[in-house]
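Please open the structure in your viewer and keep the sequence panel visible beside it. The tour below proceeds one selection at a time.

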Amino acid sequence: MMNIANEAIEAKVPLFIGSIAQVPPKYSAIKVGGQRAYDLARADKDVVLEPRTVQVDRFELTRTIGPDRREFEVDCDKGTYIRALVRDLANALRTYGHIAELRRTRCGVFHEK
């Protein structure tokens, strides 16, 4: 995110909390016509994925690492694509965004510790 103020980010984050429609990334394992979307994308074929309803319970800006780098924490249900969540937040901010590092700290009842 290119020099976007934290206040601008925090103003958009609530749009992505709750039950939201999310279009999965084209490089995902979802099957399209019997083939994995990532196989089609890598073969340079058009991949059209339909939005899916996902649940995001918490999406919080937790740290500023640099002028164009932020850290977030997300609590969500299975099937939520964090790459797509960041992509959509960046689009809402009229910029670009990507994930430099992703760490799962909990999965169901299992915690990182």
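**First stop: an exposed loop residue**

Select R94. This residue counts as exposed, because its relative accessibility is 80%. Please note at the outset that the model is predicted. R94 sits in the loop between α3 and β6, and it comes after helix α3 in the chain. What is the sign of phi at R94? The angle is positive, about 60°, although R94 is not a glycine.

**Second stop: another positive phi**

Move now to D44, in the loop between α2 (37-42) and β4. Phi of D44 is near 65°, which is again a positive value in a residue other than glycine. Is D44 buried or exposed? D44 counts as exposed, because its relative accessibility is 71%.

**Third stop: P51 in the loop before β4**

Remain in the loop between α2 and β4 and select P51, which is also found there. With 48% relative accessibility, P51 counts as partly exposed. Show the residues around P51: leaving aside neighbours within four places in sequence, P51 is in contact with A21, Q22 and V23. Next, draw a distance from the C-alpha of P51 to the C-alpha of P24. The two residues are 27 residues apart in sequence, and their C-alpha atoms are 7.0 Å apart in space.

**Fourth stop: the whole chain**

Zoom out and colour the chain by secondary structure. The protein chain has three helices and seven strands. Followed along the sequence, these elements give the pattern α-β-β-β-α-β-β-α-β-β. The C-alpha trace spans about 40 × 35 × 25 Å along its principal axes. What share of the 113 residues is buried? Buried residues make up 30% of them. Consider also how distant parts of the sequence meet: among contacts between residues at least 6 apart in sequence, 58% join residues at least 24 apart.

**Fifth stop: a three-stranded sheet**

Select β1, β4 and β5 together. They form an open sheet of three strands in the order β1-β4-β5, with antiparallel pairing. Strands β1 (18-22) and β5 (69-76) stand at the edges, and each has a single partner strand, so one side of each is left without a neighbour in the sheet. From one strand to the next, the twist averages 60°.

Examine the pairings in turn.

- Between β1 and β4 (residues 52-66), five bridges join the antiparallel strands. Within this pair, S19 stands opposite Q55 in β4.
- Between β4 and β5, eight bridges join the antiparallel strands. Here R58 has D75 in β5 as its bridge partner.
- Follow the chain from β4 into β5: a hairpin of two residues joins these strands.

As you look along the strands, bear in mind a general rule: in a regular strand the side chains alternate between the two faces of the sheet.

**Sixth stop: helix α3**

Select α3 and display its side chains. Which residues of α3 are buried? They are I82, A84, L85, V86, D88, L89 and A90. A general rule helps in reading such a list: an α-helix has 3.6 residues a turn, so residues three or four places apart point the same way. The buried residues of α3 pack against α1 (6-12), β1, β4 and β5.

Now select D88 alone, within helix α3. D88 counts as buried because its relative accessible area is 19%, and the cut-off for buried is under 20%. Apart from neighbours within four places in sequence, D88 is in contact with F16 and Q22.

**Last stop: the largest pocket**

Finally, display the surface. Rolling a probe the size of a water molecule over the atoms shows where empty space is left. The largest pocket holds about 1,400 Å³ of space. To find its centre, select F72, V74, I82, L102 and R103, which are the closest to the centre among the 37 residues that line the pocket. The elements that give two or more residues to the lining are β4, β5, α3 (82-92) and β6 (106-107). Which element gives the most to the lining? That element is β5, with eight residues. Colour the lining by class to complete the tour: there are 14 nonpolar, seven polar and 16 charged residues.

Notes
Residues are numbered from 1 along each chain as its sequence is written. This is a predicted model: local features need pLDDT of at least 70, side-chain atom pairs count only at pLDDT 80 or more; totals for chains, interfaces and linings use all residues. Side-chain values use heavy atoms; hydrogens and water are left out. Two strands pair if DSSP finds at least two bridges between them. Helices (H or I, at least four residues) and strands (E, at least two) are DSSP runs, numbered from the N terminus. Axes are lines fitted to C-alpha atoms, for helices over the stretch in contact, and angles run from 0 to 180 degrees between N-to-C directions. On a 1 Å grid over the protein atoms alone, a cavity is a set of points where a 1.4 Å probe fits but cannot get out, and a pocket is an open set with protein on both sides within 12 Å along at least five of seven lines; lining residues have an atom within 4 Å of a point. Grid points are joined across faces, edges and corners, and a volume is the space filled by probe spheres set on the points. Ala, Val, Leu, Ile, Met, Phe, Trp, Tyr, Cys and Pro count as nonpolar, Asp, Glu, Lys and Arg as charged, and the others, Gly among them, as polar. Buried means under 20% relative accessible area, exposed over 50%, partly exposed in between (1.4 Å probe, protein chains only). Contact means heavy atoms within 4.5 Å.
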